[in-house]
Amino acid sequence: MTGVALTPPGLAAPGTAGAPYEPVLAIADLPAGALVRVTRGDLDILLAHLPDGVVATDDRCPHMSAPLSIGRLDGCVVDCPLHNGRFDLATGETVQLPTTGGLDADGRAHATWSPAGSEPKPEPAGRKADARRLTRIRRLRFYPVRIVDGMIEVALPRP
Ligand code: FES
């Protein structure tokens, strides 16, 4: 039977403590290995069916907000379609920094890089370079999930 993965300590999404649960998707529509976006108001939620169970996080890359729901899931790790960042949906941690480099979740600086087989792109100058350098890739935040009568329910902050 499908279960729910544990929320990593300290990584509950803001406003979710005591928030009401809402049904968002039938579990039958989220088979193992699937990524699905559901939207409530201006909140885009990523539902992922990992080997450990179902998780819900923002459908926004923690780098520059691209939709992770169109990434590829490999075990617990999703790759972002925009700058090759890779993120662990079970732990909230970055597995691979984006090609643009920047600051990791602990504030350490990382250089730009190019995927194997790609020519290095010219570095931008001025404010664009500063923006890349100072962009911090945060840990993912998670929404509490439960499964009731075949429906995935997510605790969503009140607007
Ligand atoms: S927006 Fe996802 S890696 Fe840049």
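Ala, Val, Leu, Ile, Met, Phe, Trp, Tyr, Cys and Pro are counted here as nonpolar, Asp, Glu, Lys and Arg as charged, and the others, Gly among them, as polar. The structure is a predicted model, in which local features need pLDDT of at least 70 and side-chain atom pairs count only at pLDDT 80 or more, whereas totals for chains, interfaces and linings use all residues. Residues are numbered from 1 along each chain as its sequence is written, and side-chain values use heavy atoms, with hydrogens and water left out.

A search of the whole structure found 1 cavity of 30 Å³ or more, a cavity being a set of points, on a 1 Å grid over the protein atoms alone, where a 1.4 Å probe fits but cannot get out, with lining residues having an atom within 4 Å of a point. The volume of the largest cavity, taken as the space filled by probe spheres set on grid points joined across faces, edges and corners, is about 50 Å³. Its lining comprises 9 nonpolar residues, 1 polar residue and no charged residues, including Leu6, Thr7, Phe142 and Tyr143.

Pockets, defined as open sets with protein on both sides within 12 Å along at least five of seven lines, were also examined. The largest pocket has a volume of about 330 Å³, and of the 17 residues that line it, Thr99, Thr100, Trp113, Lys121 and Arg132 are the closest to its centre; by class, the lining holds 6 nonpolar, 7 polar and 4 charged residues. The second largest pocket encloses about 220 Å³, and its lining, with 4 nonpolar, 1 polar and 6 charged residues, includes Asp58, Arg60, Arg136 and Arg141.
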